[in-house]
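Biologist: Please take one part of this model and look at it closely. I want distances and cut-offs.

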Amino acid sequence: MSEFIPTLEFLTLNKLTPSFYKRDTLIVAKDLLNKFFVRKLNDSFCILKIVEVEAYVGNCDQAAHSFIGQTQRNNVMFQTGGQLYVYFTYGMHYCLNVVTSTEGIGDAVLIRAMQPLNCFDILSLNRFNTKEPTHQQIKNLANGPAKICQALNISKNENGIDLQSDFIFLSNNKLLLPEEIIQTKRIGIKKSVDLPWRFYIKNNPYISKK
DNA sequence: ATCAAGATTACCT
DNA sequence: GGTAATCTTGATA
């Protein structure tokens, strides 16, 4: 099964608009699977397919950064959908979220894993300091939330960026069938651990963890 | 001013 | 499977 690699024209024509993000967060989370993430680096458009996400919901989810209310750090989560929320954690890692919902109550979807479709040399240089990744390294380019940010050179500078940008945006792709989506509990949290708000593409080899 | 926790990763046994 | 690395943030005094 070979991957469809869209052209820049296709990606631009099918760019996701604010109406996509300004919906119920759990629906958006599920719909984000299989979408294209586009990031311009060194005059190249890096294209990756989203294969794993987690939803975080401000007013009822103790694991969400926004549960404590609006602060300097989580400020962007309270915007009304279609922005990038980037946070720093463990003293060394950045993670990337998509802000959702119309409510401005602090909802976002964490992108946990992506499947790179092109620009392997650029991503690999950022991750492993080599332009020629091994097969094992290719699988490890973006199969974790902090790996994504390292591979795509995303940090505090990108926090709050609007996803209507021409340099970072998401693009549509076909919806998955329900049987192609696995829903489970989220990973790496200590609060609200039983909420089943992690979604990933069944049998995709670029998932962060089974 | 001080402190504990953290939406992780890489490397070790 | 276990854990060190590393530092910002938000809470408390």
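Modeller: The DNA-facing surface comes first, then the hairpin beside it in the account, then some charged pairs. This is a predicted model, in which local features need pLDDT of at least 70 and side-chain atom pairs count only at pLDDT 80 or more, while totals for chains, interfaces and linings use all residues. Residues are numbered from 1 along each chain as its sequence is written, chains are lettered from A and ligands numbered from 1 in the order in which they are written, and side-chain values use heavy atoms, without hydrogens or water.

Thr 71, Gln 72, Arg 73, Phe 88, Tyr 90, Gly 91 and Met 92 surround DNA strand C. Each is near it, with a heavy atom within 4 Å. This surface has three nonpolar residues, three polar and one charged. Nonpolar covers Ala, Val, Leu, Ile, Met, Phe, Trp, Tyr, Cys and Pro; charged covers Asp, Glu, Lys and Arg; the others, Gly among them, are polar. Sugar or phosphate supplies 62% of the DNA strand C atoms within 4 Å of the protein; bases supply the rest.

Now the polar contacts (here, pairs of N or O atoms within 3.5 Å). Thr 71 places a polar side-chain atom 2.3 Å from a phosphate oxygen of DNA strand C. Arg 73 uses a polar backbone atom, 3.1 Å from a phosphate oxygen. Tyr 90 meets a base oxygen with a polar backbone atom, at 2.3 Å.

Tyr 90 also belongs to the hairpin of E3 and E4, which has three residues between the strands. There Tyr 90 has a positive phi near 55 degrees. E3 (residues 84-89) and E4 (residues 93-99) pair antiparallel over six bridges. Strands are DSSP runs of E, at least two residues, numbered from the N terminus; two of them pair if DSSP finds at least two bridges. Tyr 87 stands opposite Cys 95 in E4.

Elsewhere, the whole structure holds nine salt bridges, each a side-chain nitrogen of Lys or Arg within 4 Å of a carboxyl oxygen of Asp or Glu. Arg 39 and Glu 158 form one, at 3.6 Å from N to O. Arg 39 lies in strand E1 (residues 36-41) and Glu 158 in the loop between H6 and E6, so the pair ties together parts 119 residues apart in sequence. Arg 39 is buried (under 20% relative accessible area, 1.4 Å probe, protein chains only), at 8%. Glu 158 is also buried, at 11%.

Methods: Polar contact = N/O pair within 3.5 Å; in protein donor to acceptor, adjacent residues only side chain to side chain. Helix = DSSP H or I, 4+ residues; strand = E, 2+ residues; numbered from the N terminus. Buried < 20%, exposed > 50% of the residue type's maximum accessible area, 1.4 Å probe, protein only.
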